[in-house]
Each structure stands twice: as structure tokens, then as C-alpha cells.
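Trainee: Please give me a close look at one part of this model, and work outwards from there. I would like the account to stay with what the coordinates show.

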Amino acid sequence: MDRLMGLLRVKVLRGVNLAYRDARGSDPYVVLRLGRQKLKTSVKKSNVNPEWNEDLTLSVAEPVDPIKLEVFDKDTFTRDDKMGEAEFSIQPLLDVVKMNLEDMPDGCLMSSVLPSTQNCLAVESPIIWKNGILTQDVILRLRNVESGEIELQLQWVNIPKFP
């Protein structure tokens, strides 16, 4: 049976240099999947550098699967076009969650994840303890597409334990 660990607030910040799927650009939106959960952002009309700044919250249970991210171009009369995908593990963030963070100084760099062939990170991804919140900044390079990156900020939310 899955054991609920907490909530992951994913702030979808922006897309950078996304692929053109229509003559005028694209109408992108992002879909996040974790296990059976599926959440999506709003559609940004005619924009290959969209700003979403939208919070999507996923419940995280053990065992933890990677989060799958897909970007689509919204079409009115035909099926939405794929604009790339990425996958990332939240295990490094969960490893830090299991530490005792209460005595850590504000702004403390707890860990960092480097880009590799095993992940879709475009740059190093720091995990920081700030104002009592564990945060990870993530920039993902999209796969199976000509170009594009998605910028996210992850925040861990503990669930209160009841006796």
C-alpha cells in the first residue's frame, strides 16, 4: 500500500524558446503526471516564451515515481500537438526532506543535482532551505523536440501528523 509522504507544490514558471507548431507560433500548456495524478496549466495564446507562474500541487507517496512533464500546443479543430517532454526525479529533494531541517540556517544550500545523461536538467538544480521552506529550482530541457526549456520551482509541504 502507498504511504503518503507529503505534498509537492510545483510552480510552473515559464517556457523558453518553445517550438513553433502553428504559423503564428504556438499555444502552449504544460501537463504534469505523477502516478495516476495529472495536472495541467492554462493555455498561453501565440507564445513560444510563455509565463505561467501557476502552482500545481501533487501528493507524494512511497514508492516515488519520477514526474513526467509534457508540453502541448492547443489546437481548436485537431488533436493538440506535442511540443516536447521531460522527466525528473524528486528523490534528491526527498532525501533532504528526511533530514532534520529545523536547526538549519536560513538560505542554506542543502544539496544540488547536476545535469547528466540520466536526467533532463539544463543546469545545476539547487535544493535550498529558506524561510522554513525546502525549495528546488529546476530548468528542464525538453526531449523529442527541436528546442525548448521549462522552468519550475518545487516546494515541499509536510502533512501534519495526527496521533
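Mentor: A strand here is a DSSP run of E at least two residues long, and strands are numbered from the N terminus. The model is predicted. I will start at the loop between S4 and S5, where Pro63 is found. The peptide bond that joins Glu62 and Pro63 is cis, with omega at about -5°. Most peptide bonds are trans, and most residues other than glycine have a negative phi. Glu62 closes strand S4, which covers residues 51-62.

From this loop the chain can be followed both ways. Take S5 (residues 67-73) next. It belongs to an open sheet of four strands, ordered S3-S2-S5-S6 with antiparallel pairing. The edges of that sheet are strand S3 (37-40) and strand S6 (81-88), each of which pairs on one side only. From one strand to the next the twist averages 20°.

S5 has S2 on one side and S6 on the other in this order. Strand S2 (residues 28-34) pairs with S5 in the antiparallel sense over six bridges. S5 and S6 also run antiparallel, again with six bridges between them. Glu70 ties the two pairings together in the description: Val31 stands opposite Glu70 in S5, and Glu85 is the bridge partner of Glu70 in S6. A further pair across S5 and S6 sets Leu69 opposite Ala86. As for cover, six of the seven residues of S5 are buried, so the strand is mostly covered at the 20% limit used for buried.

Now go back across the loop to S4. S4 is a member of an open sheet of six strands, whose order is S4-S1-S10-S9-S8-S7, with antiparallel pairing. S4 and strand S7 (108-113) are its edges: each has a single partner strand, so one side of each is left without a neighbour in the sheet. Neighbouring strands are turned by 20° against each other on average, direction ignored.

Next to S4 in the order is S1. Strand S1 (residues 3-16) holds Lys11. The C-alpha atoms of Lys11 and Asn53 are 6.2 Å apart, although 42 residues separate them along the chain. Beyond its neighbours within four places in sequence, Lys11 is in contact with Asn53, Glu54, Asp55, Glu151, Leu152 and Gln153. Lys11 is partly exposed because its relative accessible area of 25% falls between the limits of 20% and 50%.

On the other side of S1 in the order is S10. Strand S10 (residues 149-158) and S1 are joined by 10 bridges and run antiparallel. Across that pairing, Val10 stands opposite Leu154. Gln155 is also in S10. With neighbours within four places in sequence left aside, Gln155 has contacts to Leu7, Leu8, Arg9, Ile133, Leu134 and Thr135. Gln155 counts as buried because its relative accessibility is 18%, under the limit of 20%.

S4 also enters the description of the largest pocket. It gives the most to the lining of that pocket, with four residues. The space in the pocket comes to about 280 Å³. Its lining has 13 residues, and those nearest the centre are Asp2, Leu34, Gly35, Gln37 and Ala61. By type, the lining holds six nonpolar, three polar and four charged residues.

Two further loops have backbone angles to check. Ser46 lies in the loop between S3 and S4. Its phi is near 45°, a positive value in a residue other than glycine. Ser46 is partly exposed, with a relative accessible area of 38%. In the six-stranded sheet, the loop between strand S8 (125-130) and strand S9 (133-141) holds Asn131. Asn131, likewise not a glycine, has a positive phi of about 55°. At 60% relative accessibility Asn131 is over the 50% limit, so it counts as exposed.

Terms used. Residues numbered from 1 in each chain as written. Predicted model: local features only at pLDDT ≥ 70, side-chain atom pairs only at ≥ 80, totals over all residues. Heavy atoms only, no water. 1 Å grid on protein atoms, 1.4 Å probe; cavity = no way out; pocket = protein on both sides within 12 Å on 5 of 7 lines; lining within 4 Å. Points joined across faces, edges and corners; volume = space filled by probe spheres on them. Nonpolar A, V, L, I, M, F, W, Y, C, P; charged D, E, K, R; others polar. Pairing = 2+ DSSP bridges. Axes fitted to C-alpha atoms, helices over the stretch in contact; angles between N-to-C directions. Buried < 20%, exposed > 50% of the residue type's maximum accessible area, 1.4 Å probe, protein only. Contact = heavy atoms within 4.5 Å.
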